[in-house]
Amino acid sequence: MFEKILKNVHEKTPLVHCITNYVTVNDVANAILACGASPIMADDLKEVEEITSICNATYINIGTLNERTVESMIKAGKIANSLNHPVILDPVGAGASKFRTDTTYRLLDEIKFSVIRGNISEIKTIYTGSGKTKGVDADVSDRITEETLDEAVLFAKNMSKKLNSVIAITGAIDIVADENKAYVIRNGHPMMSKITGTGCMLSGIIAAFVAANMENKTEAVTAAITIMGLSGELGYKKIEENNEGTSSFRTYLIDGISKMDIDTLKGGMKVEIK
Amino acid sequence: MFEKILKNVHEKTPLVHCITNYVTVNDVANAILACGASPIMADDLKEVEEITSICNATYINIGTLNERTVESMIKAGKIANSLNHPVILDPVGAGASKFRTDTTYRLLDEIKFSVIRGNISEIKTIYTGSGKTKGVDADVSDRITEETLDEAVLFAKNMSKKLNSVIAITGAIDIVADENKAYVIRNGHPMMSKITGTGCMLSGIIAAFVAANMENKTEAVTAAITIMGLSGELGYKKIEENNEGTSSFRTYLIDGISKMDIDTLKGGMKVEIK
Amino acid sequence: MFEKILKNVHEKTPLVHCITNYVTVNDVANAILACGASPIMADDLKEVEEITSICNATYINIGTLNERTVESMIKAGKIANSLNHPVILDPVGAGASKFRTDTTYRLLDEIKFSVIRGNISEIKTIYTGSGKTKGVDADVSDRITEETLDEAVLFAKNMSKKLNSVIAITGAIDIVADENKAYVIRNGHPMMSKITGTGCMLSGIIAAFVAANMENKTEAVTAAITIMGLSGELGYKKIEENNEGTSSFRTYLIDGISKMDIDTLKGGMKVEIK
């Protein structure tokens with residue numbers, strides 16, 4: 001399955017329209033290029049319609065929200081929906097401020113997302129606040145461990161059914177779920193949380209992978225997360241060999257994405273179906 | 001010629017005012033520093049006049065346009081013109097949206113640019129839309145190859161005469177032209193298109209090189225492009241040796257700019273006069 | 001003293017709210033993570049109150065000022081003051097434009113800063129223009145050398161007393177002063193001025209160090225500056241060994257921050273009390 005998914009990305013080289021934060025935007029662009037796709041960053045209301053239209057996917061990330069770009073996100077998402085392009089949401093910091101939480105709910109009300117990727121806290125914020133269950137607490141632990149994994153998988157499947165989106169919850173253990181099945185990924189390295197942008201980059205790569213694999217969205221998301229995690233493992237190995245630190249790790253992480261092939265992926269992937 | 005050009009940059013250490021996009025702004029600043037000059041990023045209308053005045057060149061890049069910064073670009077460009085500072089335009093994505101195209105035409109109407117650098121598509125958009133020939137297609141191929149090179153050189157010379165700017169068209173083969181002569185540069189490596197920002201960085205370096213070499217603008221642009229291309233070749237060689245990927249390539253590319261000297265340049269340059 | 005300071009940062013992992021420029025924001029985030037703390041970038045007026053409240057320190061940097069974010073800076077600073085969180089000011093380019101200078105004075109009028117860090121030119125701009133002495137020239141040289149050091153130390157102590165802030169003046173020789181004592185730091189490497197963002201990163205690290213060491217603010221600032229300088233020395237050594245340039249230097253600088261431990265610090269620090 002992953003072989004076909006990788007091949008589709010490299011052959012179709014999808015164009016991803018990104019409206020994202022200014023902290024990690026350069027990493028996002030380089031990660032999307034590294035995985036074999038192309039990014040376009042454009043956030044002005046005057047041009048998002050045209051830009052979205054020439055792209056194959058739309059990636060919305062609320063990492064450094066401001067009122068100007070929220071309107072651009074809404075417009076881009078609606079156009080992408082009308083064109084049946086996949087739209088990916090990264091709700092960075094949803095729950096941390098009313099502005100972020102409210103904006104997330106508004107985005108969910110006005111746009112149909114193919115994939116929502118966040119940490120467990122962000123995803124729970126979405127679950128409890130959006131749609132009909134507003135105000136109801138998500139019945140799932142705040143941290144995904146081997147003990148709470150089954151509970152979290154069930155939660156992700158239910159949420160996928162409720163929102164009609166693929167749900168990706170990333171952390172020490174990653175879960176990707178649609179309403180029928182879930183993949184559990186145990187790749188990655190703790191140092192990924194010692195650099196900024198791993199989540200943002202990952203969501204950008206997911207957008208590229210889904211755009212090139214619309215028939216297998218859940219598997220495309222799973223492949224993207226596995227590649228990111230495996231690149232983190234390989235990057236950590238390299239900085240250990242060279243006695244380097246977090247910034248070299250960031251470089252090698254993106255290097256890993258750019259050099260990933262099916263043999264490396266098959267040799268290192270730790271993916272389980274639940 | 002290149003020896004004197006390099007020496008002037010290092011001795012004069014020009015200060016370049018940049019109004020550029022937030023995707024690659026960090027790379028632009030580091031590339032300008034690497035080549036021996038200094039950058040100042042400032043885009044608020046309240047301060048662009050003062051900042052432009054203390055600088056030696058103004059670099060305008062429309063990579064992530066928004067309405068706020070367009071007015072700052074216009075103002076900075078006009079002040080720079082009045083002070084006889086060189087003004088460099090990088091029309092990123094001109095042709096991809098009406099907003100970008102219209103802004104490019106407005107910039108060209110209100111500001112005299114010393115150098116315009118873009119890919120063939122952006123440059124053709126400018127040619128067909130600006131000034132008296134609006135609506136007339138540029139009579140040149142969409143891709144510069146050995147077969148279409150002479151045609152493209154002629155086009156660049158004509159365009160230089162029409163706009164009274166040095167025209168730099170970059171791609172697999174690069175062309176730098178004024179109305180009388182053109183330089184063809186065959187340095188560079190395809191991996192330069194696998195990272196974001198090579199074009200933006202290059203335009204920033206061009207601004208520094210022209211500021212320090214106002215008597216030889218066309219040659220200064222040619223030197224900057226040759227250095228960038230050669231640094232790309234050296235960077236690719238290094239990642240091959242180390243089995244690294246695109247992010248290491250980006251690092252080595254900027255390293256190469258910072259370490260470039262006249263012997264390396266003379267040993268590796270592939271420049272032809274047409 | 002430094003052992004306890006480092007330990008506090010690693011154990012408390014302070015959360016730093018940053019309103020900073022878009023040129024070096026990614027480096028700032030990665031540097032704060034590298035030193036053992038966590039950054040949150042948020043600059044919209046709608047959310048700064050909530051974000052500041054959940055953080056342990058507020059870092060304000062005027063590197064790419066615009067009217068929208070100035071109001072967010074004022075609001076965040078006031079909230080942080082009311083919560084007794086440390087607030088750190090990096091007055092990038094104060095003195096270079098009226099907008100920057102006036103904004104700096106307004107920030108100083110409305111917010112109590114725990115630490116102000118800048119180069120001698122920025123610090124002098126603050127001294128001469130703020131409070132009662134507006135218009136009076138700072139009686140100190142424009143460059144700190146061994147010859148002008150005593151004079152500069154006295155100036156820094158006086159300024160600390162006047163503004164009730166720890167004053168950090170960085171350059172070839174660094175000075176950290178409160179009204180009673182000053183530390184002189186001779187770590188660092190000239191190549192730190194050949195990349196963008198060393199000052200911005202340093203101020204972010206200072207915010208983290210002060211947040212975790214509120215009982216020893218002056219020493220916390222001194223530790224942060226020493227770590228940055230020493231990481232620069234180690235980074236330069238590494239690029240010399242590998243024959244690399246300025247971009248590799250940036251990587252190794254952040255690597256050094258992420259790997260800094262008390263033995264390395266004690267072995268390399270060059271700190272004197274004045």
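**Briefing: chain arrangement, core and one loop residue**

Only 13% of the interface residues of chain B are also interface residues in chain A, so the copies meet through different surfaces. This is a predicted model, in which local features need pLDDT of at least 70, side-chain atom pairs count only at pLDDT 80 or more, and totals for chains, interfaces and linings use all residues. Residues are numbered from 1 along each chain as its sequence is written, while chains are lettered from A and ligands numbered from 1 in the order in which they are written.

**Symmetry**
- Chain B is superposed on chain A by a rotation of 120° with 0.0 Å of shift along its axis (RMSD 0.0 Å), by least squares on the C-alpha atoms of residues with pLDDT of at least 70 in both.
- That is the relation of a three-fold axis.
- In chain B, the C-alpha of B:Tyr22 is the nearest to the axis, at 3.7 Å.

**Nonpolar core**
- The largest nonpolar core (buried Ala, Val, Leu, Ile, Met, Phe, Trp, Tyr and Cys residues joined through C-beta atoms within 7 Å) has 298 residues.
- A residue is buried if 20 or more other C-beta atoms lie within 10 Å of its own, exposed if 12 or fewer, and partly exposed in between, with C-beta atoms placed from the backbone.
- Among the residues with the most contacts inside this core are C:Ala208 and C:Phe209.

**A:Leu45**
- A:Leu45 lies in the loop between β2 (38-41) and α3 (48-54) of chain A; helices (H or I, at least four residues) and strands (E, at least two) are DSSP runs, numbered from the N terminus.
- A:Leu45 counts as partly exposed because it has 18 C-beta neighbours inside 10 Å.
- Its C-alpha atom is separated by 8.5 Å from that of A:Met73, 28 residues apart along the chain.

Note on methods
Two residues are in contact if their C-beta atoms, placed from the backbone, lie within 7 Å.
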